[in-house]
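Student: I should like to work through this structure by question and answer. May we start with its interior and then turn to particular helices and residues?

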Amino acid sequence: EAFGTLARERSEFDETYQAALIDILGYIGIHHNHFRQPLEAERAYAEQVRAAETLASKYPNNSGFRQALCNAHIQRGAILAGLNRPAEVEAEYRKALDRSRTGVAQFPDKRPLRFSLGQTCRMLANLQTAQKRYGDALGNYQLALQAFEHLTRVSPVDPLHRLHEVIVHAE
């Protein structure tokens with residue numbers, strides 16, 4: 001709601017300010033989650049998704065907004081997992097996966113989008129493992145591994161990519 005109100009009041013916000021609004025909605029979600037207010041956190045993340053969708057649509061050549069949209073779906077999915085709503089969790093992770101794939105196809109050199117792709121595949125695979133859907137999980141773990149292996153080839157010194165590659169191998 002806050003984003004919609006501000007955007008209607010001043011439609012000429014620059015992209016940097018709009019990106020900050022998406023981040024603030026995420027921080028509000030983190031705050032609510034920290035203080036064990038999962039329903040409020042879920043509402044903040046839902047609003048973050050709406051804001052990121054609006055901006056990704058308005059600025060289709062801005063990879064940062066695409067990245068923000070992927071992350072918003074991932075964060076909302078994680079909160080929904082804590083609320084024991086697995087069907088909605090999977091739906092959010094699948095949306096993040098779709099947006100990550102589209103983003104990687106459009107912006108193949110943007111490492112954050114490929115990182116989101118790997119992270120989303122891993123989280124979806126973890127959910128599927130918990131649901132004893134091992135065949136689906138294995139396929140998504142393999143996709144996560146491919147994404148992280150690609151990142152370590154293009155950025156071999158980035159320890160975060162190495163860490164995620166090790167995590168995927170361990171799972």
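Student: Which residues have the most contacts inside the largest nonpolar core?

Tutor: This is a predicted model. Its largest nonpolar core is made up of 20 residues. Helices H4 (63–82), H5 (86–106), H6 (111–130) and H7 (134–154) each give two or more residues to this core. Within the core, the residues with the most contacts are Tyr93 and Leu117.

Student: Which helix gives the largest share of this core?

Tutor: The elements that supply two or more core residues are H4, H5, H6 and H7. The largest share amounts to seven residues, and the helix it comes from is H6.

Student: With which residues is Tyr93 in contact, leaving aside its neighbours within four places in sequence?

Tutor: Tyr93 is one of the two residues named for the most contacts inside the largest core. Once the neighbours within four places are set aside, its contacts are Ile74, Gly77, Ala78, Thr120, Met123, Leu124 and Leu127.

Student: How many residues are in the second, separate core?

Tutor: Among the members of this second core are Leu25, Ala52, Tyr59 and Ala68. The core is separate from the first, and its residue count is twelve.

Student: Are H4 and H6 roughly parallel or roughly antiparallel to each other?

Tutor: The axes of these two helices come within 10 Å and cross at roughly 20 degrees. Angles under 35 degrees count as roughly parallel. The relation between H4 and H6 is therefore roughly parallel.

Student: Is the crossing of H4 and H6 left-handed or right-handed?

Tutor: On the H4 side, the contact is made by Ser63, Arg66, Gln67, Cys70, Asn71, Ile74 and Ala78. On the H6 side, Pro112, Leu113, Ser116, Gln119, Thr120 and Met123 take part. As H4 passes H6, the crossing is left-handed.

Student: How many disulfides does the structure hold?

Tutor: A disulfide is a covalent bond between the sulfur atoms of two cysteines. Cys70 is buried at a relative accessible area of 0%, and Cys121 is buried at 1%. For the structure, the number of disulfides is zero.

Student: Is Asn140 buried or exposed?

Tutor: Asn140 lies in helix H7. Not counting residues up to four places away in sequence, Asn140 touches Leu97, Cys121, Leu124, Ala125 and Gln128. Its relative accessible area is 9%, and buried means under 20%, so Asn140 is buried.

Student: Does His32 count as buried or exposed?

Tutor: His32 belongs to helix H2, residues 15–34. Beyond its neighbours within four places, His32 is in contact with Gln37, Glu40 and Ala41. Its relative accessibility is 18%, and the cut-off is under 20%, so His32 counts as buried.

Student: How far apart in space are Pro86 and Gln131, C-alpha to C-alpha?

Tutor: Pro86 is found in helix H5 and is partly exposed, with a relative accessible area of 37%. Leaving aside neighbours within four places in sequence, Pro86 is in contact with Leu127 and Gln131. Pro86 and Gln131 are 45 residues apart in sequence, and their C-alpha to C-alpha separation is 9.0 Å.

Student: Among contacts between residues at least 6 apart in sequence, what percentage join residues at least 24 apart?

Tutor: The protein has eight helices and zero strands, and its pattern along the sequence reads α-α-α-α-α-α-α-α. Of its 171 residues, 44% count as buried. Among contacts between residues at least 6 apart, the portion joining residues at least 24 apart is 57%.

Notes. Residues are numbered from 1 along each chain as its sequence is written. This is a predicted model: local features need pLDDT of at least 70, side-chain atom pairs count only at pLDDT 80 or more; totals for chains, interfaces and linings use all residues. Side-chain values use heavy atoms; hydrogens and water are left out. A nonpolar core is a set of buried Ala, Val, Leu, Ile, Met, Phe, Trp, Tyr and Cys residues joined through side-chain atoms within 4.5 Å. Buried means under 20% relative accessible area, exposed over 50%, partly exposed in between (1.4 Å probe, protein chains only). Helices (H or I, at least four residues) and strands (E, at least two) are DSSP runs, numbered from the N terminus. Contact means heavy atoms within 4.5 Å. A disulfide is a pair of cysteine sulfur atoms within 2.5 Å. Axes are lines fitted to C-alpha atoms, for helices over the stretch in contact, and angles run from 0 to 180 degrees between N-to-C directions. Angles under 35 degrees count as roughly parallel, over 145 as roughly antiparallel, 65 to 115 as roughly perpendicular and the rest as oblique. A crossing is left-handed if the near helix is turned anticlockwise from the far one by less than a right angle, and right-handed if clockwise.
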